[in-house]
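Biologist: I work at the bench and would like to learn how to read a model of this kind, feature by feature. Could we begin by looking at it together?

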Amino acid sequence: MSDRVEKMVGVLREWQKLERHGMAATAEISEKTDSTLIRLIMDIIRHDSALHHRVQQYLIDSVTKESPTVTREDVALVWEGIEEHDKLEKTTIELAQRLKQDAWSPVHKLLLEYLLRSESLHDSLLEQLGEFKVDMTKASGG
């Protein structure tokens, strides 16, 4: 394994330890409170940490086991569904923006901001996937 790969894997494994610690910490915090808001926020963070851990493992596996492959056929098979989902994401962003603008409660503003950022992140991931698709098409001459 090259030094560059070893360094990347080392950092990702350390990061995974932090994510696991974060998951345990948010569970402890949830157990100590009766506040549904605090529990909800801890659940969000715990869920995100678990997903981060999974992405980090994918990155580790991609350099230590098998490089990720995506074919034009893989993309073509699901592209229509991805485009439809991207339209839904854009609609949810518009809804969140309108609701946040009209929100009067700090709790509502906090949670609507979270939803807005989360939906915007989904939209960004789908846009990046679209760029990936264009790059695949260019690379293959199609």
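Biologist: In which helix does serine 49 lie?

Modeller: Please keep in mind that this is a predicted model. Serine 49 lies in helix H2, and in space its C-alpha is 9.0 Å from that of leucine 18, although the two residues are 31 apart in sequence.

Biologist: Is serine 49 buried or exposed?

Modeller: The label follows from relative accessible area, and a residue under 20% is called buried. Serine 49 has a relative accessibility of 7%, so it counts as buried. Leucine 51 also lies in helix H2, but at 39% relative accessibility leucine 51 counts as partly exposed.

Biologist: Which residues make a nonpolar surface patch with leucine 51?

Modeller: The patch is made by Leu51 together with Met8, Val55, Tyr58, Leu59 and Val63, and covers about 480 Å². Helix H2, which runs through residues 36-64, gives the largest share of the patch, namely five residues.

Biologist: Now for the interior: which residues make up the largest nonpolar core?

Modeller: The general idea is that, in soluble globular proteins, nonpolar side chains tend to be buried together. Here the largest nonpolar core has five residues, which are Val75, Trp79, Ile82, Leu126 and Met136. H3 and H4 each supply at least two residues of this core, and the largest share, three residues, comes from H3.

Biologist: Which residues of H3 are buried?

Modeller: The buried residues of H3 are Val75, Trp79, Ile82, Asp86, Glu89, Ile93 and Ala96, a list that includes charged residue types such as Asp86 and Glu89.

Biologist: How does the end-to-end distance of helix H3 agree with its number of residues?

Modeller: One takes a rise of 1.5 Å a residue and compares the expected span with the distance between the end C-alpha atoms. For the 31 residues of H3, 72-102, the expected span is 45 Å and the end C-alpha atoms are 44 Å apart, which agrees. Agreement in span should be read alongside the local geometry, where H3 bends by about 50° at tryptophan 79. Trp79 is also one of the residues of the largest nonpolar core.

Biologist: How many salt bridges does a search of the whole structure find?

Modeller: As a general idea, side chains of opposite charge can pair when their charged atoms come close. In this structure the search finds nine salt bridges. One of them joins arginine 46 and aspartate 43, with the closest N and O atoms 2.3 Å apart. These two residues are three apart in helix H2, so about one helical turn separates them. Arginine 46, at 23% relative accessibility, counts as partly exposed, and aspartate 43 is partly exposed as well, at 37%.

Biologist: What is the distance between the closest N and O atoms of lysine 17 and glutamate 14?

Modeller: Those atoms are 4.0 Å apart in the salt bridge of lysine 17 with glutamate 14, a value to be read against a cut-off of 4 Å. Both residues lie in helix H1 (residues 3-32), three residues apart, which is about one turn of the helix. Lysine 17 is partly exposed, with a relative accessible area of 47%, and glutamate 14 is partly exposed at 42%.

Biologist: With which residue does glutamate 113 form a salt bridge?

Modeller: Its partner is arginine 117, and the closest N and O atoms are 2.6 Å apart. Glutamate 113 and arginine 117 are four residues apart in helix H4, residues 106-140, so about one helical turn separates them. Arginine 117 counts as exposed, at 59% relative accessibility. Elsewhere, salt bridges that share partners join Asp86, Lys90, Asp123 and Glu127 into one network.

Technical notes: Residues are numbered from 1 along each chain as its sequence is written. This is a predicted model: local features need pLDDT of at least 70, side-chain atom pairs count only at pLDDT 80 or more; totals for chains, interfaces and linings use all residues. Side-chain values use heavy atoms; hydrogens and water are left out. Patches are made of residues with over 30% relative accessible area and no salt bridge: like charges are joined within 9 Å, nonpolar side chains (Val, Leu, Ile, Met, Phe, Trp, Tyr) within 5 Å. Accessible areas come from the Shrake-Rupley method with a 1.4 Å probe; for residues, only the protein chains shown count as cover. A salt bridge is a side-chain nitrogen of Lys or Arg within 4 Å of a carboxyl oxygen of Asp or Glu. Buried means under 20% relative accessible area, exposed over 50%, partly exposed in between (1.4 Å probe, protein chains only). The expected span of a helix is 1.5 Å times one less than its number of residues. The bend at a residue is the angle between axes fitted to the seven residues ending there and the seven starting there. A nonpolar core is a set of buried Ala, Val, Leu, Ile, Met, Phe, Trp, Tyr and Cys residues joined through side-chain atoms within 4.5 Å.
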